[in-house]
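Please look over the sequence and the fold below. A short briefing follows, grouped by topic.

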Amino acid sequence: MEKYEHGGQIYDAKGKSGDWLDFSANINPLGLSEKIFQALKENLRGIVNYPDPNFTELKKKIAKRYEVSEKNLVLLNGAAEFFYLYLNTTRPERVIIPVPSFSEYERAARAANCEIIYFFTRADENFALDVEKIRKKIKSPSDCVIIGRPNNPTGNLIATEKILWLSQFANVLIDESFIDFLEIESLKKFSSKKITVVQSLTKIFAIPGLRLGFAVVEENLAQKLNLSKDVWNVNFLAQKAGVAALSDEDFLLKTRVWLAEEQKFFVERLKNLPKVKIFSPTVNFVLFQHEKAEEILQKLRGEKILLRSCKNFVGLDGSYLRSAIRLRKENIFLLNVLEKCF
């Protein structure tokens, strides 16, 4: 398994997608909302034109939906683009990464020639972040700390006040890519010279193939970042899909109702399996551990089911697995196969 390999690897050596039931990628299983589908259909012929380089319509929707200023927005070809853009532009000497976490944080830091400092969280503490201990890793106010909120793959959800306290000592980059699955306070309104927030829209709205995200950044830095990226980095259809998605409050409500019910069902069934250690989920994926995880993965592949091995996450090993939470029928199928594995 490659160091930076992600979930969702449904393609074979020839680039053909197989007939997989994919629990390795954390995408909203409700799929495309009808509003997004219609927007894509109605605007398909528009791809003969360049996308709007100013993102006029989309910026207005994001600003209204998340109660931020358009002047603080940086539009993205997926949230992952921002880690490279931000670190290559700001060039911190040191990047502190609590692990395990999304591998693109490290990859982007290496691309910007930053020194990487790992902060290892502990399984026996449910991977909780101790900000006072992270503080001891900081040497300079220009250091950058990157934190997922909720964190992938652990599901850990750090409190707002802890981030605000930590930002006194270093720049803090917060990845809120999964936050719309929950109805909780975002850190976007606290964006400042010390706090930057990035969010993916591809996971909640099930459009990873289109790529779409945004960041809320202090105004002067936002201007600098916008000058440092491709002017057409968000394509025409992604912009139209984003406008439609952010107009669909019913879809968000439906997603949260589904998740509250399905998360409880999934975890309760998973608890019945012998010798499984489960880390309490907050969003649409569950991290769990079993001594025969590699064997389980292979058996699942034989049933055309993909689960995410966590052995290439810094701070984890091959005994950890991450599973997306999907629709009830699919979840039952996976759980039944897991019971046979045990």
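Two strands pair if DSSP finds at least two bridges between them. Helices (H or I, at least four residues) and strands (E, at least two) are DSSP runs, numbered from the N terminus. This is a predicted model, in which local features need pLDDT of at least 70, side-chain atom pairs count only at pLDDT 80 or more, and totals for chains, interfaces and linings use all residues. Residues are numbered from 1 along each chain as its sequence is written, and side-chain values use heavy atoms, with hydrogens and water left out.

**Seven-strand sheet**

- An open sheet of seven strands runs in the order E2-E8-E7-E6-E5-E3-E4, with mixed pairing.
- Strand E2 (73-76) and strand E4 (115-120) are the edges; each has a single partner strand, so one side of each lacks a neighbour in the sheet.
- From one strand to the next, the twist averages 20 degrees (axes are lines fitted to C-alpha atoms, for helices over the stretch in contact; angles run from 0 to 180 degrees between N-to-C directions).
- Strand E5 (residues 144-148) and strand E6 (residues 171-175) run parallel and are joined by five bridges.
- Isoleucine 146 has leucine 173 of E6 as its bridge partner.

**Helix H3 and threonine 196**

- Helix H3 (residues 80-90) packs against helix H7 (residues 219-228) at an angle of about 110 degrees, with the axes 10 Å apart.
- H3 and H7 are therefore roughly perpendicular to each other (65 to 115 degrees; under 35 counts as roughly parallel, over 145 as roughly antiparallel, the rest as oblique).
- H3 contributes Phe82, Leu85, Tyr86, Thr89 and Thr90 to the contact (heavy atoms within 4.5 Å), and H7 contributes Leu221, Lys224, Leu225 and Ser228.
- H3 also lies across E2, strand E3 (94-99), E5, E6, E7 and strand E8 (213-216), at about 165 degrees to E6.
- Threonine 196 sits in strand E7 (residues 195-200).
- Threonine 196 is buried, at 2% relative accessible area (buried is under 20%, exposed over 50%, partly exposed in between; 1.4 Å probe, protein chains only).
- Beyond its neighbours within four places in sequence, threonine 196 is in contact with residues including Phe82 and Tyr86.

**Cysteines**

- The structure has zero disulfides (pairs of cysteine sulfur atoms within 2.5 Å).
- For cysteine 114, the closest cysteine sulfur is that of cysteine 144, 7.9 Å away and too far for a bond.
- Cysteine 114 is buried, with a relative accessible area of 8%.
- Cysteine 144 is buried too, at 1% relative accessibility.

**Four-strand sheet and serine 319**

- A four-strand open sheet has the order E9-E10-E13-E12, with antiparallel pairing.
- Strand E9 (277-279) and E12 are its edges; each has a single partner strand, so one side of each has no neighbour in the sheet.
- Five bridges pair strand E10 (residues 285-289) with E13 in the antiparallel sense.
- Glutamine 289 has tyrosine 320 of E13 as its bridge partner.
- Helix H9 (residues 249-271) lies across E9, E10 and E13, at about 10 degrees to E10.
- Serine 319 is in the loop between strand E12 (308-309) and strand E13 (320-324).
- Serine 319 is buried, with a relative accessible area of 14%.
- Leaving aside neighbours within four places in sequence, serine 319 is in contact with Phe288, Gln289, His290 and Ala293.
- The side chains of serine 319 and glutamine 289 share a polar contact of 3.0 Å (a pair of N or O atoms within 3.5 Å; within protein, one must be able to donate a hydrogen and the other to accept it, and residues adjacent in sequence count only if both atoms are side-chain atoms).
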